[in-house]
Amino acid sequence: MNLDALLRVDRAGLDLPLIVEPGEVVVVLGPNGAGKTTALRALAGLLPLRDGHIRLGQHVWDAPPREFVPPQQRPVGMVFQDYLLFQHMSVLENVAFGLRARGTPRHEARSRASTWLDTVGLADRAGDRPSALSGGQAQRVALARALATGPELLLLDEPLAALDAGTRLRVRAELARHLKNFPGSTVLVTHDPVDAMALGDRLVVIEDGRVTQTGVPREVAQHPKTDYIAHLVGLNLLRGNAKGTEVTLDDGDALTTTTAASGAVNVAFAPTALRLGHTRPQGANAWQVTVTAVEQHAHTTRVHLGSLSADLAPAALADLDLNEPLWASVAPEDLRVYESR
């Protein structure tokens, strides 16, 4: 059964249409305060809608003002950002909790919980308390608890946010495997682009409670529609109007591209494609810039130029006086041009 929802919540100003097919993982991506967690709480029944609807197949869960199914009656499994494991219970009892709450006899609940712990590779930790677990192990226990009840909808709220970088890589791969095998609909919220690209079949980007872009990860990464998305996927983004291979930018500057287009367009390019120097280079795609900030990124240095960024190798940086105005340039073949709507 597919999830069909139109989430409208006054408190967060949320207005989010959402359709998720069985077996599909939809990632709701956005900055802090965009309304991501509010959306999950509404789907779980923890926050009633002001308007809109939530349906799973033919079953209506929320349709103000007449229909509202309480959380305990929705076939939903939820993994919270900080996992919310019960510290006074064993790992086994934590996983069995949802089953027991739904009336499953103790022996059967423990048996099914044991099977799920084996599935996530933690059968040997069944008798431990959550305080004895690592962050990655706690995340797997929370996932097992959510899946043990056989939910039709799985909700994950920043499921990897509490993990360190080393653990995150391994647990992300494990989570992807479990989500691939889950037959129901999955909604995962995050502000991390790597988690979104690695785990999502489809991305829904929200900013200030509204959808600004949706699509498969590759499409969103290659054709960002807003400054936030461009920054998220590591691209520079300019806007303008195209006539053939010439683009007049909104600030009046002009660019030459290798892609013919017409009308309002976005122009995206990687920070590595932007060249900096003290003299104007040959070619049309050059303009004067001022350095606003500098930060080290592994083996490169990111130079911020207002709304643009350039990634430079140490040798290239050594030839520049960053306190002076510079010329920025980008080759036409490094520009990606696409419709802005």
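Does R8 count as buried, partly exposed or exposed, and what is its relative accessibility? In this predicted model, R8 has a relative accessibility of 23% and therefore counts as partly exposed, since the buried class ends at 20%. The residue belongs to strand β1, which spans residues 3–9. Beyond its neighbours within four places in sequence, R8 is in contact with L14, D15, L49, R50 and D51. Two of these partners are also joined to R8 through side-chain polar contacts. One links the side chain of R8 to that of D15 at 3.2 Å, and the other links the side chains of R8 and D51 at 3.3 Å. For a sense of distance across the chain, R8 and G252 are separated by 244 residues in sequence and by 39 Å in space, C-alpha to C-alpha.

The chain as a whole gives the setting for such details. The protein chain has 341 residues, of which 50% count as buried. Its secondary structure comprises nine helices and 20 strands. Taken along the principal axes, the C-alpha atoms fill a box of roughly 75 × 45 × 30 Å. Among contacts with a separation of 6 or more, 63% are made by residues 24 or more positions apart.

The helices may be taken in order, beginning with α1. Helix α1 covers residues 36–44 and is mostly covered, with seven of its nine residues buried. The buried residues of α1 are K36, T38, A39, L40, A42, L43 and A44. Just after this helix, G45 takes a positive phi of about 90°.

Next come two helix pairs that share α3. Two packed helices are described by the angle between their axes and the distance between the axes. Helix α2, residues 91–101, packs against α3 at an angle of about 120°, and the two axes are 8 Å apart. That angle makes α2 oblique to α3, and their crossing is right-handed. On the α2 side, the contact is made by V91, L92, E93, V95, A96, L99 and R100. On the α3 side, the contributing residues are R106, A109, R110, R112, A113, S114, W116 and L117. By class, the contact of α2 with α3 has nine nonpolar residues, one polar residue and five charged residues.

How do the axes of α3 and α4 cross, and within what distance do they come? The axes of helix α3, residues 106–119, and helix α4, residues 135–148, come within 9 Å and cross at roughly 135°. This makes α3 oblique to α4, and the crossing of the pair is right-handed. The contact involves R112, W116 and L117 of α3 together with V141, A144, L147 and A148 of α4. These residues divide into six nonpolar, no polar and one charged. R112, W116 and L117 of α3 take part in the contact with α2 and also in the contact with α4.

From the helices, the path leads to strand β9, residues 185–190, where T190 is found. T190 counts as buried because its relative accessibility is 1%. Leaving aside neighbours within four places in sequence, T190 is in contact with V27, V28, L29, G30, K36, E158, D195 and A196. Two of these partners have been or will be met elsewhere in this account: K36 is one of the buried residues of α1, and E158 lies in the loop between β8 (153–157) and α5 (165–181).

The last topic is backbone geometry. Most residues other than glycine have a negative phi, and most peptide bonds are trans. E158 has a phi near 45°, a positive value in a residue other than glycine. With a relative accessibility of 6%, E158 counts as buried. D208 also has a positive phi, of about 55°, although it is not a glycine. This residue lies in the loop between β10 (202–207) and β11 (210–215). Is D208 buried or exposed? D208 is exposed, with a relative accessible area of 69%.

The peptide bond from P64 to P65 is cis, with omega near 5°. P65 is situated in the loop between β5 (59–63) and β6 (67–68).

Notes. Residues numbered from 1 in each chain as written. Predicted model: local features only at pLDDT ≥ 70, side-chain atom pairs only at ≥ 80, totals over all residues. Heavy atoms only, no water. Axes fitted to C-alpha atoms, helices over the stretch in contact; angles between N-to-C directions. Helix = DSSP H or I, 4+ residues; strand = E, 2+ residues; numbered from the N terminus. Parallel < 35°, antiparallel > 145°, perpendicular 65-115°, else oblique. Left-handed = near helix turned anticlockwise from the far one by under 90°. Contact = heavy atoms within 4.5 Å. Nonpolar A, V, L, I, M, F, W, Y, C, P; charged D, E, K, R; others polar. Buried < 20%, exposed > 50% of the residue type's maximum accessible area, 1.4 Å probe, protein only. Polar contact = N/O pair within 3.5 Å; in protein donor to acceptor, adjacent residues only side chain to side chain.
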